[in-house]
Amino acid sequence: MNRPVAAPDTRDIEIERKRLTDALAETWKTPSGIWGALATVDHKIIGRRYIVTAFVFLGLGGVLAALMRIQLAQPEARLLGPDRYNQIFTMHGANMMFLFAVPVMEAVAVYLVPLMVGTRNIAFPRLNAFSYWIYLAGGTLLWTAFALDMGPDVGWFAYVPLSGPQYGAGKRADIWAQMITFTEISALAVAVELVVTIFKQRTPGMTLDRIPVFVWAMLVTSFLVIMAMPAIVLASTSLILDRLVGTHFFNPAEGGDVLLWQHLFWFFGHPEVYIIFLPAAGMVSTMIEPFARRPAFGYLGLVMALIATGILAFGLWVHHMFVAGLPRLGDSFFTASSMAIAIPAGIQVFCWLATLWDGRLVFKTPLLFIIGFIVTFVIGGLTGVMVASVPFDTQVHDTYFVVAHFHYVLIGGAVFPLLAAIHYWFPKLTGRMLNEALGQWSFWLIFVGFNATFFPMHILGLEGMPRRVYTYQPDLPWHGLNLFISLSAVILIAGFLLFFINAFRSARVGEVARDNPWDAPTLEWATTSPPPSYNFPMIPVVGSLHPLWDDRDSLAVANGLRTDRRELVVTTLAAAEPQAREASPRNSIWPLWAAIATTIMLIWSMFSPWAVVWGSVPVAVALMGWFWPKGTPEDES
Amino acid sequence: MNASKLLTHLSVWAGLWLAPLVWAANMQFGQILPYADCRSQLHASAITSFVGAALTIASSLVSWLTPAKVIADSEEHRANADFGGAVSALSACLFTFALLMQGIAAMVLTGCER
């Protein structure tokens, strides 16, 4: 009788450190070369790619903003014609919202969340790779179309009937709608990965009350993405069907409804603001601790504020439609809910202020950006309460007052924290520190430049200057302020340029970072900078919210994982007690093939509905290849 | 998991499952009841919303009070239950707010508006 031969014990128990790390490095490695780079499923490599790509889109969107400011610096300027200007403001908005703001927040989470919860890779790592390729394809589609003078010209919200078949000739609106499909697939994929990672892959001991606030923020944000994005997928698909097949979802002449578009768009569009803001708030709550040298004040309050904002975010969308002629009671209802959301935002601001008040502040660049964020976001929040009031909103709707408000909220509320985060986590991303002097210079230039650029826009709006006009007549009283704004934008651009130069330079020749250069308390700092492919040689076990402060000398670890296959610890949802050892997929080229097949299908479907039928065949083949057993140890589970 | 443990679990998290459920049910009633309101001027939509608000307040209280009664086998489990109860109770308050808003709005309307 044949007896099975016992496999050699490949668990990480009682193996000397060097042998353990060598075995893990071999199991979790990304092979060098182009093929390895294309097939990798390492969340850190994909996260870094996401971040760099998103910042490239930020730079491109910034160039468009600069062009608009040059055009508006003087009346009747002729640098841009009305058609190109329409494309530019649409591209600027769509690019910043769909290709920069949302993806960059998810990108930071893709890199950091697995490290912060103490696991070795994100859940569904191949889906993660697929999401990046799809995001890249969507961005490339939009910018290629713009380069070919086919850029969308219907505003970032593409209201019908302007974007419908009656008025939107050519393929410009289709490019917008299909770009949405790309970015939504990508965002939804990452959201699902993050929810599963946070719920099931937290390290043993990381109970609900020990989850870092940034991780909580990403959990709430992921649920927002999952619940909000189907509305825009439905809307953009209906728009494409109206344009390509001749359905009449938004055509009142045939029983459709143009207001349906606005409801669907803003049911997604308003939570979108919080999809951008909540990760930023989570970053601030996490980063503030090492720079205040104390735990963040009011952990429960901070977490509840995130959850409350996430829930209330779905009850506000009509405040974007106050001039659409909805019933007055409906408007009042949404005024109340819009003002109510200031409460959780206020709770967070007071928690941050209390943390700073009672802290021993370390004035490094990240803290400067955090303070800049609080100042700017509070101003943006106050004007938000103003435009939540129907009579006031009716007066300033579609004026530069609204442009000023949302730039204060989005740049103040998201970009300032993001820049703080890049300065803070740069050593973990690259193994090198950003230059502190250049960092402080870039902060002051951005802070002064931002306020000088956007604050006067409030006044311009109150003086009646409408949004989305490519020029204005010399006899209107807007020239002086417009010139001042355009000159101030130069300071803002200089600040961003300095930041980019600092990042490029420091990534190559910056001071080498220690594992935990800020003496921070969260788990991502428990490993090397940058982390190895397997993140942690042994899975850390936490006993508090601040494991690196409370267990400073020795962090407990869990063992028993195999070293010859990619394995993770799966834990229970609330108490984070170990439940199982689960395999994590190896590198694969199939997510790239699947993304290419999906891209071909989606682009083709702008021209022919049959693309959905024939284009789905290669997608199905790619998915079969993706899930086909490869004979690796990971297939066993 | 035995019955008493399941009941404790459900009680700790009542604010997070019962309150949204009540709110969702009220949304459905809000689609149906205006026809009855218009015919009889009952204000049934408002009454349903306020009853729903009372239920969510109750779920909030249950979530808030249950962790104190949990016999935890460790300090860690006790803290986790306290935190879950607090998050759950405060989340229920949000749904109470939404239900009260809907109730007040329904008081102003006759149900005959189209």
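A helix or strand here is a DSSP run, numbered from the N terminus, with at least four residues for a helix and at least two for a strand. Keep that in mind as you click around this predicted model.

**Stop 1: chain B**

Select chain B and colour it by secondary structure. You should find four helices and zero strands, so starting at the N terminus the elements read α-α-α-α. Now turn the chain around: its C-alpha trace spans about 60 × 25 × 15 Å along the principal axes. A compact globule of 114 residues would have a radius of gyration near 13 Å, but the value for chain B is 17 Å. Of those 114 residues, 40% count as buried.

**Stop 2: where the chains touch**

Show both chains together. How many residues of chain B are in contact with chain A? There are 17, and they meet 18 residues of chain A. Colour the chain B side of this contact by class and you get 12 nonpolar, four polar and one charged residues.

**Stop 3: chain A as a whole**

Hide chain B and look at chain A, which has 19 helices and four strands. Its radius of gyration is 25 Å, close to the 26 Å that the globule rule gives for 637 residues, so chain A is as compact as a globular protein of that length. Along the principal axes, the C-alpha trace of chain A spans about 90 × 60 × 50 Å. Buried residues account for 52% of the chain. Take the contacts in chain A between residues at least 6 apart in sequence: 80% of them join residues at least 24 apart.

Next, colour chain A by pLDDT. The mean is 94, and 98% of the residues reach 70 or more. Then select residues 1-7 of chain A, where the pLDDT is below 50. Beyond near neighbours in sequence, this stretch has zero contacts in the model.

**Stop 4: into the core**

Which residues have the most contacts inside the largest nonpolar core? Select Val215(A), Leu306(A), Ile370(A) and Ala420(A); the core they belong to has 208 residues. Helix α4 (residues 82-116) of chain A supplies the largest share of this core, 23 residues. A second, separate core has eight residues, including Leu24(A), Trp28(A), Tyr534(A) and Ile539(A).

Zoom in on Ala420(A). Leaving aside neighbours within four places in sequence, Ala420(A) is in contact with Met283(A), Met287(A), Pro366(A), Phe369(A), Ile370(A) and Phe373(A).

**Stop 5: two cis peptide bonds**

Go to Val160(A) and Pro161(A), which are joined by a cis peptide bond with omega of about 5 degrees. Pro161(A) sits in the loop between α5 (125-147) and α6 (172-200) of chain A. Then jump to Ser529(A) and Pro530(A): the peptide bond between them is cis too, with omega near -10 degrees. You'll find Pro530(A) in the loop between α16 (479-509) and β1 (539-540) of chain A.

**Stop 6: positive phi**

Select Glu76(A), in the loop between α3 (43-72) and α4 of chain A. Phi of Glu76(A) is near 50 degrees, a positive value in a residue other than glycine. Is Glu76(A) buried or exposed? Glu76(A) has 8 other C-beta atoms within 10 Å, and 12 or fewer means exposed.

Finish at Asp519(A), in the loop between α16 and β1 of chain A. Phi of Asp519(A) is also positive, near 50 degrees. With 14 C-beta neighbours inside 10 Å, Asp519(A) counts as partly exposed.

Definitions and conventions
Residues numbered from 1 in each chain as written. Chains lettered and ligands numbered in written order. Predicted model: local features only at pLDDT ≥ 70, side-chain atom pairs only at ≥ 80, totals over all residues. Contact = placed C-beta atoms within 7 Å. Nonpolar A, V, L, I, M, F, W, Y, C, P; charged D, E, K, R; others polar. Core = buried A, V, L, I, M, F, W, Y, C linked by C-beta atoms within 7 Å. Buried ≥ 20, exposed ≤ 12 C-beta atoms within 10 Å, placed from the backbone. Rg over C-alpha atoms; globule rule 2.2 N^0.38 Å. pLDDT = per-residue confidence, 0-100.
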